[in-house]
Amino acid sequence: MIGMDILQPAVALMIWTMIIWLWMYASRIPAMQKAQIAPDDARATGLLDQKLPQAVQWKAHNYNHLHEAPTLFYAVVIVLAIIGHGDGMNAFLAWIYTGLRIAHSIVQVTANKVMVRFVLFALSSVVLIALIVKAALVLFG
């Protein structure tokens, strides 16, 4: 179908988000057991950040981050696909966005170097802005 190539990087980012979800629980549940934190105790704001090792929480924080700016990405990807502009450069930009977000995740869940994360986040944001502007130009132009 014409203009649907852009859906591939969106689905790839969805798959990556679920990989982070699995990684988060694979590290968090054993850490909670080791720290003797009952699941209902986790309701207390900030408790897990206080009681669990930072490296465990980095995965949870990244999982949350994958539900922030990427929501705009999913929306603009769907818009571009619907209006038939989801191929060519737009699909290429979507793959760049997905790659940058995956790189951001890898940095955050492993070394968590903030400046590296910031650069990757800023670059992904510029790509996201470009996709949004391209959709706006078609729709409002």
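Select Leu22 to begin: in this predicted model, the residue is exposed, because its relative accessible area is 53% and the exposed class starts over 50%. Leu22 lies in helix α1, so displaying residues 7-34 shows the whole of that element.

Next, keep Leu22 selected and add Met18, Trp21, Tyr25 and Ile29. Together, these five residues make a nonpolar surface patch of about 470 Å². A surface representation is suitable for viewing this patch, to which Leu22 contributes.

Now turn to the aromatic rings. The structure holds 3 aromatic pairs. Select Phe73 and Tyr74, which form one of them: their ring centres are 5.8 Å apart, and with 55° between the planes the pair is tilted. Are these two residues buried or exposed? Phe73 counts as buried because its relative accessibility is 0%. Tyr74, with a relative accessible area of 17%, is also buried, because the limit for that class is under 20%.

Keep Phe73 in view and add Tyr97. These two rings form a stacked pair, 4.5 Å centre to centre with 20° between the planes. Where in the chain do the two partners lie? Phe73 belongs to helix α4 (residues 69-82) and Tyr97 to helix α5 (residues 88-109); the pair links distant parts of the chain, 24 residues apart. Tyr97 is buried, because its relative accessible area is 0%.

Finally, select Phe73, Tyr74 and Tyr97 together. Ring pairs link these three residues into a cluster, with Phe73 taking part in both the tilted pair with Tyr74 and the stacked pair with Tyr97.

Conventions: Residues numbered from 1 in each chain as written. Predicted model: local features only at pLDDT ≥ 70, side-chain atom pairs only at ≥ 80, totals over all residues. Heavy atoms only, no water. Patch = residues over 30% accessible without salt bridge, like charges linked within 9 Å, V, L, I, M, F, W, Y side chains within 5 Å. Areas by Shrake-Rupley, 256 points an atom, 1.4 Å probe, with all protein chains shown as cover. Salt bridge = Lys/Arg side-chain N within 4 Å of Asp/Glu carboxyl O. Helix = DSSP H or I, 4+ residues; strand = E, 2+ residues; numbered from the N terminus. Buried < 20%, exposed > 50% of the residue type's maximum accessible area, 1.4 Å probe, protein only. Phe/Tyr/Trp six-rings, centres within 6.5 Å; stacked < 30°, edge-to-face > 60°.
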